[in-house]
Amino acid sequence: MSAFQQPDPRDRPARLTVGVVGAGRVGPALAASLQLAGHRPVAVSGVSDASRRRAAQMLPDVPLMTPAEVLRHADLVLLTVPDDTLPGLVQGLAETGAVRPGQLLVHTSGRYGAKVLDPATRAGALPLALHPAMTFTGTPVDVQRLAGCSFGVTAPDQLRLAAEALVIEMGGEPEWIAEENRPLYHAALALGANHLVTLVAQSMELLRAAGVEAPDRMLGPLLGAALDNALRSGDAALTGPVARGDAGTVAAHVAELRRHAPQTVAGYLAMARATADRALAHGLLKPELAEDLLGVLAGRADGAPGTSGTHGTHGTEGDAG
């Protein structure tokens, strides 16, 4: 292969040698998934003891190498490093001549599209951004969870089919994301998934403080139903005291949280305000009930509701969630 001629990706062999730069939770799982599809992992880089153990578990018998050596051995290289590390890594690999023309270079950052790979693209690499919209544990169960997982895909038009084919081989569902929309796409996922973990963890802590012995068992069916309803119905699935306008109940919540878990008050108030806004906009929260509620959320009278309504009795026909 000439070093000055970039090959047509359609002329590549059907099975590829695969390398991983960054043996965190994501890279080894994707490489193992590609292995199941018939590709061959040949090299992995990892610095910490944890990453080396993870590589040994997920990719047994695949040798550990430096990042430059990984690129030298692999047709397809997965760059699975933290977002803030990625630009510098790509720049360094390109400047040191580690990138080979015709090499498929894939990063898994949700924040970036294909342009972050521009230094490597100028050296002849074929740039792909494939972000799995899933949380990873760093264990073999991740490979199974990739089945049906959506991937945010960004690549040059001529590589779109190749990018989507790789996602499908890993069992995923490709979802095309325009380059300029990558930051918004990633913010949306972080808002839903990362913050959900924080909310659930806080909820479990509060239930334990209230004497519940198995908060996970209590929350499982409730949160599962709430998630399913939200995915099916959007804002129409809103329920609970904020959506009903139960200002007295919300004031009691705030008072209890200030007493037992003051670190959760700011988050509770912020989410309650957002919920109230959405409930109002969609006609679920009656305007005449919103004034006292918004007063509570604004901290009026130390969290006590105003005097224009009959607090704690609004919407009793709704559920008690």
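This is a short tour of two pockets and three packed helices. The model is predicted.

**Stop 1: the largest pocket**

Begin by selecting Leu-199, Leu-223, Ala-226, Met-271 and Thr-275. These residues lie nearest the centre of the largest pocket. Its lining counts 49 residues in total. The space inside comes to about 2,600 Å³.

Now colour the helices around the pocket. Select α8 (182-209), α9 (215-233) and α10 (241-244). Add α11 (247-260) and α12 (265-281). Each of these five gives the lining at least two residues. Which helix gives the most to the lining of the largest pocket? That is α8, with 12 residues.

Next, colour the lining by residue class. You should find 28 nonpolar residues, 17 polar ones and four charged ones.

**Stop 2: the second largest pocket**

Move on to the second largest pocket. Its volume is about 600 Å³. Select Val-26, His-131, Pro-132, Met-134 and His-186, the closest to its centre among the 22 residues that line it.

Keep α8 on display and add β5 (126-132). Both β5 and α8 supply at least two residues of this lining. Once more α8 is worth a look: the largest share of the lining of the second largest pocket, five residues, comes from α8. By class, this lining holds 10 nonpolar, 10 polar and two charged residues.

**Stop 3: α11 against α12**

Leave the pockets and turn to helix packing. Two packed helices are described by the angle between their axes and by the distance between those axes.

Show α11 and α12 alone. Their axes come within 9 Å and cross at roughly 160 degrees. Angles over 145 degrees count as roughly antiparallel, so α11 and α12 are roughly antiparallel to each other. Their crossing is right-handed.

Select the contact as sticks. From α11, take Val-250, His-253, Val-254, Leu-257 and Arg-258. From α12, take Val-265, Tyr-268 and Leu-269. In this contact of α11 with α12, six residues are nonpolar, one is polar and one is charged.

**Stop 4: α11 against α13**

Hide α12 and bring in α13, residues 287-297. How do the axes of α11 and α13 cross, and within what distance do they come? They cross at roughly 10 degrees and come within 9 Å. Angles under 35 degrees count as roughly parallel, so α11 and α13 are roughly parallel to each other.

Here, select Ala-247, Val-250 and Ala-251 in α11. They meet Asp-292, Leu-293, Val-296 and Leu-297 in α13. The contact of α11 with α13 has six nonpolar residues, one charged residue and no polar ones. Notice Val-250: it belongs to the contact with α12 and also to the contact with α13.

**Stop 5: α12 against α13**

Hide α11 and show α12 with α13. These two pack at an angle of about 165 degrees, and their axes are 11 Å apart. Are α12 and α13 roughly parallel or roughly antiparallel? They are roughly antiparallel, because angles over 145 degrees count that way. The crossing of α12 past α13 is left-handed.

For the contact, select Leu-269, Ala-272, Arg-273, Ala-276 and Leu-280 in α12. Across from them, select Pro-287, Ala-290, Leu-293, Leu-294 and Leu-297 in α13. Nine residues of this contact are nonpolar, none is polar and one is charged.

Finish on two shared residues. Leu-269 of α12 takes part in the contact with α11 and in the contact with α13. Leu-293 of α13 meets α11 and also meets α12.

Terms used: Residues are numbered from 1 along each chain as its sequence is written. This is a predicted model: local features need pLDDT of at least 70, side-chain atom pairs count only at pLDDT 80 or more; totals for chains, interfaces and linings use all residues. Side-chain values use heavy atoms; hydrogens and water are left out. On a 1 Å grid over the protein atoms alone, a cavity is a set of points where a 1.4 Å probe fits but cannot get out, and a pocket is an open set with protein on both sides within 12 Å along at least five of seven lines; lining residues have an atom within 4 Å of a point. Grid points are joined across faces, edges and corners, and a volume is the space filled by probe spheres set on the points. Helices (H or I, at least four residues) and strands (E, at least two) are DSSP runs, numbered from the N terminus. Ala, Val, Leu, Ile, Met, Phe, Trp, Tyr, Cys and Pro count as nonpolar, Asp, Glu, Lys and Arg as charged, and the others, Gly among them, as polar. Axes are lines fitted to C-alpha atoms, for helices over the stretch in contact, and angles run from 0 to 180 degrees between N-to-C directions. Angles under 35 degrees count as roughly parallel, over 145 as roughly antiparallel, 65 to 115 as roughly perpendicular and the rest as oblique. A crossing is left-handed if the near helix is turned anticlockwise from the far one by less than a right angle, and right-handed if clockwise. Contact means heavy atoms within 4.5 Å.
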